[in-house]
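Work through the exercises below with the sequence and the model open side by side. Try each task before reading its solution.

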Amino acid sequence: MQTSGWLQLALFVVALAAITKPMGLYLTQVLDARGRTWFDPVLKPLERLTYWLMGVRAGQEHDWRQYTWAMLLFSLVSCVFTYAILRLQNYLPLNPQGLGALTPHLAFNTAVSFTTNTNWQSYGGESTMSYLSQMVALAIHNFTSAATGIAIAAAVVRGIARHSTRLLGNFWVDLVRVTYYLLLPICLVLAVFYVSQGMIQNFLPYTKAKLVESYTIQVQKTDDKGQPVTTNVAVMVQAPKLDQNGQPLMTNGVAVMVDVPQLDAKGQPVMTNVAVMVDQKVEEQTIVQGPMASQVAIKMLGTNGGGYVNANAAHPFENPTPLSNFLQMLSIFAIGSGLTYYLGRMTKNQAHGWSVWGAMMTLFLAGTLLCWWAEAKGNPIHQQLGIAAADGNLEGKEVRFGIFNSALFATVTTDASCGAVNSMHDSFTALGGFVPLFNMQLGEIIIGGVGAGLYGMLVFVVLAVFIAGLMVGRTPEYLGKKIQSFEVKMAMLSLLILCLTILGFAAWASVSQWGLAGLNNNGPHGLSEILYAYSSAVGNNGSAFAGLNANTPWYDTTLGIAMLFGRFLMIVPIMAMAGSLAQKKLIPASTGTFPVSGGTFVVLLLGTVLLVGALNFLPVLTLGPIVEHFLMLQGKLF
Amino acid sequence: LKTKPMIDFIFIAVITLFFMAGGLYARWCGKL
């Protein structure tokens, strides 16, 4: 854990704190239908035109059901639209590589993924998506799904801040204003800045470059009809190597393993069909081109995370410099952090907003330090093989960024529901990988996805206040509103959906043939890969332990359904809770009122997050990354 | 396009039914 890392961490926290208030103040204007911004002279006519074209009555507000229904309707139409584009992309323009249509299950998975702000990618962007698909099917969702999340957060905050009303704002107005006044202007600046750092932005076909030194790869042999050629071979398994006395041969306390044929009950070798591989000489490299900077700007700011290319932010085009790396991480947190200030501003209790921010930052720092420590400490087995201990665990990491920036990025991207990566989380040590997994299972409430992080954290705030009320024997109150059974039921319903969907789908995949077929690793790491996939999908994160091959009909479909559950089945009860809070009358604060700011509140909130949120996942985490860590210390890897 | 209209129909139906069910789910939540 080098000094440069500590300095960068301090710089990141200071920069985030510095932008929180200006962002919060700006959000206050954007999320007010009558708010004023610098962009009014240009964008106000466009805003009015949009309402006119859509037939929106901007002055008319919605109750929670109308607001939720509008959001669901918008998501339905945009999801089907994306599905259609992806299935028809080979007929559509801006496809210089002539890429084919996506399979139905992949199109379903991708359409749902981008509608839900997840950006789980069961495909490689550069080898699957045309420029039109990248821009029209995917980048547009990056804007609208982010705007939807912010709109829902604004409605929930209004529910808390208002009283004696059923109205929570107008979904269409929030959607349009967030997109026009917040996301588009910032993304325009960010995209131009990224281009200045070396990121590409063009419509050129992919470039072919002749390699200085050719190399050979193995590819599957095909017959005259293009069908794969297979051969029958014995199935091999690993067994301990025995010495002359029949005892296991040991090296540094670890049994030496050898491959031996697997035998059936009759003692005969078990045979299987495998593909015949042939050598292929590679003399050219294909270099990706396309409208990347514009996509990356919103991918980070909107906590979407879907990479333009498969390597995501580890690719030198998609993350060219240390400065672009820093700015990408900062932009992931920028809006979520500003929303905590917006919460304080709207509820006229700025200390409450900062206390929520403080609780989030405590969890963020704890996660970052654990992940950094685990990766810097590295893998003792690597060290036994002579790899320098001082380098830490560099497997799966971009050396331009190193240990600290990989650990910080992994923590930031999973604290938020971003899912962009600049290193491969599957290659982290067990404890290093535990951090992003655990962040997602908490519901991504540590700054969180744009909007989603705040409304997720507000669920825990309601529960914290409820628990505090139970402890002192008073009716719980939150900012002058009584918290009653309906609010607690809705809060618990949203949390139950989170854990039941993650654990239910992960359990199903773990005992199913289709689930196990996608694994590249066995043992606890294999379980972690499955668990990570469903935690990522339900949490609408999108990052992966990418050793899992998820582009299969079963995984694509179940992950798609998990994403839908994780997004919309959680939003509905939270909106119901907001609607109920908005209708309540204000009660004057008294000496018995539990304060929702300061150290006691932050500790109570953290305790609620960890006890109510995290304990659901402790058993499965024990079977996954925790046992994997202890087995690693004993010299066993998976 | 290797059209698989039946599979496309099923996936679009799943998406549509999910969001339609979301409206019923909201109504159920309101009654809890």
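The exercises that follow concern a predicted model, and they go from the core to the aromatic pairs, the interface and two serines.

**Exercise 1. The core**

Find the residues with the most contacts inside the largest nonpolar core, and state which helix supplies its largest share.

Solution. Begin with the extent of the core: the largest nonpolar core has 193 residues, and those with the most contacts inside it are A:Leu182, A:Leu183, A:Tyr478 and A:Tyr534. Next, assign the core to elements: its largest share, 17 residues, comes from helix α18 of chain A, which covers residues 553-583. Finally, take A:Tyr478 and set aside its neighbours within four places in sequence; its contacts then include A:Ile160, A:Leu343, A:His352, A:Leu458 and A:Val596.

**Exercise 2. Two stacked pairs**

Decide how the rings of A:Trp514 and A:Trp554 are arranged, and do the same for A:Phe565 and B:Phe18.

Solution. The count comes to 32 aromatic pairs over all chains. For A:Trp514 and A:Trp554, the ring centres lie 5.3 Å apart and the planes meet at 15°, so the pair is stacked, given that planes under 30 degrees apart count as stacked. This pair links distant parts of the chain, since A:Trp514 belongs to helix α16 (residues 513-517) and A:Trp554 to helix α18, 40 residues apart. The two partners should then be classed by accessibility: A:Trp514, with a relative accessible area of 15%, is buried, whereas A:Trp554, at 46%, counts as partly exposed.

Turn now to the second pair, in which A:Phe565 and B:Phe18 are stacked with 6.0 Å from centre to centre and 20° between the planes. Here the pair crosses between chains, from helix α18 of chain A to helix α1 (residues 5-31) of chain B. A:Phe565 is partly exposed at 28% relative accessibility, while B:Phe18 is buried at 13%.

As a last step, place the tryptophan pair in its surroundings: A:Trp514 and A:Trp554 belong to one aromatic cluster together with A:Phe505, A:Trp508, A:Tyr534 and A:Tyr555.

**Exercise 3. The interface of the two chains**

Describe the interface of chain A and chain B by its contacts, its buried area and its salt bridge.

Solution. Start with the contacts, in which 30 residues of chain A meet 23 residues of chain B. The two chains bury about 2400 Å² between them, with 80% of it on carbon and sulfur atoms. On the side of chain A, the residues A:Leu76, A:Tyr83 and A:Arg87 supply 22% of the area buried against chain B, more than any other three residues. Then look for charges: the rule finds one salt bridge across this interface, and the side chains of A:Arg87 and B:Asp8 meet in a salt bridge at 2.8 Å, N to O.

**Exercise 4. Two serines**

Locate A:Ser130 and A:Ser324, and determine whether each is buried or exposed.

Solution. A:Ser130 lies in the loop between α5 (125-128) and α6 (131-161) of chain A, and with a relative accessible area of 1% this serine is buried. Beyond its neighbours within four places in sequence, A:Ser130 is in contact with A:Gln89, A:Leu94, A:Asn95 and A:Leu99. A:Ser324, by contrast, is found in helix α9 (residues 322-346) of chain A, and with a relative accessible area of 0% A:Ser324 is buried. Residues up to four places away in sequence not being counted, A:Ser324 touches A:Tyr194, A:Gln197 and A:Asn319.

Key
Residues numbered from 1 in each chain as written. Chains lettered and ligands numbered in written order. Predicted model: local features only at pLDDT ≥ 70, side-chain atom pairs only at ≥ 80, totals over all residues. Heavy atoms only, no water. Core = buried A, V, L, I, M, F, W, Y, C linked by side-chain atoms within 4.5 Å. Buried < 20%, exposed > 50% of the residue type's maximum accessible area, 1.4 Å probe, protein only. Helix = DSSP H or I, 4+ residues; strand = E, 2+ residues; numbered from the N terminus. Contact = heavy atoms within 4.5 Å. Phe/Tyr/Trp six-rings, centres within 6.5 Å; stacked < 30°, edge-to-face > 60°. Buried area = accessible area lost by both parts, 1.4 Å probe. Salt bridge = Lys/Arg side-chain N within 4 Å of Asp/Glu carboxyl O.
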